[in-house]
Amino acid sequence: MTKRVLTGELRQRADELYAAERVVERLVAGLDDAAFNWRSRPSRWSIAQCLTHLSLTARVYLPAIDDAIAVARAGGLVAPGPYRHGLVGTLLVRALEPPVRVRLRVPLPAIAPASEAPLDEARAIYEATHDELRQRLAAADGLDLGRARLRSPLSRYVTLSLGQAFAVLTAHERRHLWQAERVRAEAGFPGRTSGPDGPDGPAVASGRT
């Protein structure tokens, strides 16, 4: 997909999406479906589950982002930036950044399924979801990313600015790609003979991440 020229926060988010795709390319290089779905034990997530979780979370956010963009356009909420964002959303973005220090419960709509996922299929869905996110970044161009707001589709108690919603998604990407990298570095990972597998390893499949 051709990059659209964006500015400010939107350009940063677009760059972060492309950076995440480069990490995924490195992560899955040389893997077959078995390695992609490998878990050191049932309570840990596989690389496949990390990738699927990212796609599911983004797709849960897309309708809320669409609504926020439509309302902002209709209300004439345009501004060149820089933008002011709320404290709660800012703290959420910081909490999502790796390395993981705080475990967060994963809401049901975003939990990755326990069943195995073919690598090519999961990656295609992930990349298609990124294309959809880039379309929303383009659609938001020129809006006041601080005044345009939405309620988090994963928590009725959290309201985000539109800019924060995009930042949450890209920070969330970095969190789980960091997690997936730790999976690949574990001692028992197919093709490896040593690696870290301590108590601070990948998130457990019980719904905490």
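Student: In what order do the elements of the chain run from the N terminus on?
Tutor: They go α-α-α-α-α-β-β-α, which makes 6 helices and 2 strands. Those are DSSP runs numbered from the N terminus: H or I over at least four residues for a helix, E over at least two for a strand. One caveat before we go on: this is a predicted model, where local features need pLDDT of at least 70 and side-chain atom pairs count only at pLDDT 80 or more, while totals for chains, interfaces and linings use all residues. Residues are numbered from 1 along each chain as its sequence is written, and side-chain values use heavy atoms, with hydrogens and water left out.

Student: How do you know what confidence the predictor has in the chain?
Tutor: From pLDDT, the predictor's confidence in each residue on a scale from 0 to 100. The chain has a mean of 86, with 84% of its residues at 70 or more. Among the elements, α4 has the lowest mean, 91, and α5 the highest, 97. Over residues 193–208 pLDDT stays under 50.

Student: How do you know how the reach of α3 compares with what is expected?
Tutor: The expected span is 1.5 Å times one less than the number of residues. Helix α3 (residues 47–74) has 28 residues, and that gives an expected 40 Å; the C-alpha atoms at its two ends are 41 Å apart, close to that value.

Student: And what makes L62 a bend in α3?
Tutor: A bend is the angle between two fitted axes, one for the seven residues ending at a position and one for the seven starting there. At L62 that angle is about 30 degrees, and the proline P63 follows within four residues. After the helix comes G76, with a positive phi near 70 degrees.

Student: Why is S161 called buried or exposed?
Tutor: Buried is under 20% relative accessible area, exposed is over 50%, and partly exposed lies in between (1.4 Å probe, protein chains only). S161, in strand β2 (residues 159–161), has 0%, so it counts as buried. S46, in the loop between α2 (33–36) and α3, has 1%, so S46 is buried as well.

Student: Why is R184 called partly exposed?
Tutor: R184 has a relative accessible area of 27%, so it falls between the two limits. R184 sits in helix α6 (residues 162–185).

Student: What makes the pair of S161 and the backbone nitrogen of Q164 a polar contact?
Tutor: The rule asks for N or O atoms within 3.5 Å; within protein, one must be able to donate a hydrogen and the other to accept it, and residues adjacent in sequence count only if both atoms are side-chain atoms. A polar side-chain atom of S161 lies 3.0 Å from that nitrogen. The S161 side chain also has a polar atom 3.4 Å from the backbone oxygen of L145. For R184, the partner is the backbone oxygen of L27, at 2.3 Å.

Student: What makes a set of residues a nonpolar core, and how many residues has the largest one?
Tutor: The members are buried Ala, Val, Leu, Ile, Met, Phe, Trp, Tyr and Cys residues joined through side-chain atoms within 4.5 Å. The largest core has 33 residues, and those with the most contacts inside it include L10, Y61, I65 and L162. Helices α1 (8–28), α3, α4 (87–96), α5 (119–139) and α6 each supply at least two, and α3 gives the most, with 8. A second, separate core of 23 residues includes V28, L31, W45 and L119.

Note on methods
Contact means heavy atoms within 4.5 Å.
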